[in-house]
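Please open the model in a viewer and keep the sequence at hand. The tour below proceeds by selection, with a short account of what each selection shows.

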Amino acid sequence: MRILLTNDDGIHAEGLASLERVARTLSDDVWVVAPEQDQSGYAHSLSISEPLRLRKIGEKHFAVRGTPTDCVIMGVKKILPGAPDLILSGINSGANIADDVTYSGTVAGAMEGALLGIRSIALSQGYSYVGEDRIVPYETTEALAPALLKKLVAAPLPDGVLLNVNFPNCLPEEVAGTVVTTQGKLVHSLWVDERRDGRGLPYYWLRFGREPVEGKQGTDLHALRNRLVSVTPLQLDLTAHEIRDQLSKALA
């Protein structure tokens, strides 16, 4: 099995090295094509107004000055000797659940793989802060992902569907199990933080603001809060099929 790895945290991210160790439990034919720099929040974006720069950093390891989507396209269309059987994107530093899925470059890497007709799985690991230090227990994903991925690779999956897997913020032995979930809903918004540069001119940072919510049972939010691994099937078809008839009647 040929496996292509990518991420949105960048080629030197700890989570990518962790993902490679996971992938090598499944196959010896593992390729890494990841962004040169952090691409978090770039979602499913393409670099079409500037060239893609490619740098080989090791055997079967390549950095692309572009987005996770660019990396998957470059890997499949240019770098690998043949199409991969599996694309793994991650391991992201932080969960990608609920509304955050729409912003996630990690999920976008798997999304592009699904568009190309390749089985694709995004993996993310919850974290916490101790003081100002972010503590990401990648050992949880490393311990649990190999057995889980073997099952997910063998499971039937229709075209146009990718899998979004999130691991809870706890030690491996504290994980309560694995559940198949739906995408939850966060109560959050993006805030515009205005600051001043050295000349007194304004500049702005976007930052997240969130309110506590109780995820409904069966959602990815509820799973992670109960120390469960969440597996959410996502589809490329964004059509709201349930309201097509209503719209047709309204336009008749």
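Begin with the lining of the second largest pocket: by class, this lining has nine nonpolar, six polar and one charged residues. The model is a predicted one.

**The second largest pocket**

Keep this pocket on display; its volume is about 360 Å³. Its lining comprises 16 residues. Select Val 101, Met 111, Gln 183, Gln 235 and Leu 238, which lie nearest the centre of the pocket. Next, colour α3 and β13, the elements that give two or more residues to the lining of the second largest pocket. Which element supplies the largest share of that lining? Strand β13 does, with three residues.

**The sheet**

Now show the strands as a cartoon. An open sheet of nine strands appears, with mixed pairing. Its order may be followed as β3-β4-β2-β1-β5-β6-β9-β13-β10. Select residues 54-58 for β3 and residues 177-180 for β10: these are the edge strands, and each pairs on one side only. From one strand to the next, the twist averages 20°.

Within the sheet, select residues 2-6, which form β1, and residues 29-35, which form β2. These two strands pair in the parallel sense, over four bridges. To see one particular pairing, select Leu 5, whose bridge partner in β2 is Val 32.

**Two local features**

Which residues are joined by a cis peptide bond with omega of about -15°? Select Gly 90 and Ile 91 to view that bond. Ile 91 is placed in strand β5.

Move next to Lys 60, in the loop between β3 and β4. Its phi is near 65°, a positive value in a residue other than glycine.

**Helices on the sheet**

Select residues 68-79 to highlight helix α2, which packs on the sheet. Helix α2 touches β1, β2, β3, β4 (61-64) and β5 (86-93). The direction of α2 makes about 140° with that of β2.

Add residues 105-115, which form helix α3. Helix α3 lies across β1, β5, β6 (119-125), β9 (161-167) and β13 (228-235). Relative to β6, helix α3 runs at about 170°.

**Where α2 meets α3**

With both helices still selected, turn to the contact between them. The angle at which α2 and α3 pack is about 30°, and their axes are 8 Å apart. Their crossing is right-handed. On the α2 side, display Pro 68, Thr 69, Val 72 and Ile 73; on the α3 side, display Gly 105, Ala 108, Gly 109, Glu 112 and Gly 113, which they meet. By class, this contact of α2 with α3 has four nonpolar, four polar and one charged residues.

**Where α1 meets α4**

For the last stop, select residues 14-23 for helix α1 and residues 138-154 for helix α4. These helices pack at an angle of about 35°, with axes 9 Å apart. Helix α1 passes α4 in a right-handed crossing. Which residues of α4 are met by Glu 14, Gly 15, Ser 18, Arg 21 and Val 22 of α1? They are Tyr 138, Thr 141, Glu 142, Ala 145, Pro 146 and Leu 149. The residues of the contact of α1 with α4 divide into five nonpolar, three polar and three charged.

How values were computed:
Residues are numbered from 1 along each chain as its sequence is written. This is a predicted model: local features need pLDDT of at least 70, side-chain atom pairs count only at pLDDT 80 or more; totals for chains, interfaces and linings use all residues. Side-chain values use heavy atoms; hydrogens and water are left out. Two strands pair if DSSP finds at least two bridges between them. Axes are lines fitted to C-alpha atoms, for helices over the stretch in contact, and angles run from 0 to 180 degrees between N-to-C directions. Contact means heavy atoms within 4.5 Å. On a 1 Å grid over the protein atoms alone, a cavity is a set of points where a 1.4 Å probe fits but cannot get out, and a pocket is an open set with protein on both sides within 12 Å along at least five of seven lines; lining residues have an atom within 4 Å of a point. Grid points are joined across faces, edges and corners, and a volume is the space filled by probe spheres set on the points. Ala, Val, Leu, Ile, Met, Phe, Trp, Tyr, Cys and Pro count as nonpolar, Asp, Glu, Lys and Arg as charged, and the others, Gly among them, as polar. A crossing is left-handed if the near helix is turned anticlockwise from the far one by less than a right angle, and right-handed if clockwise.
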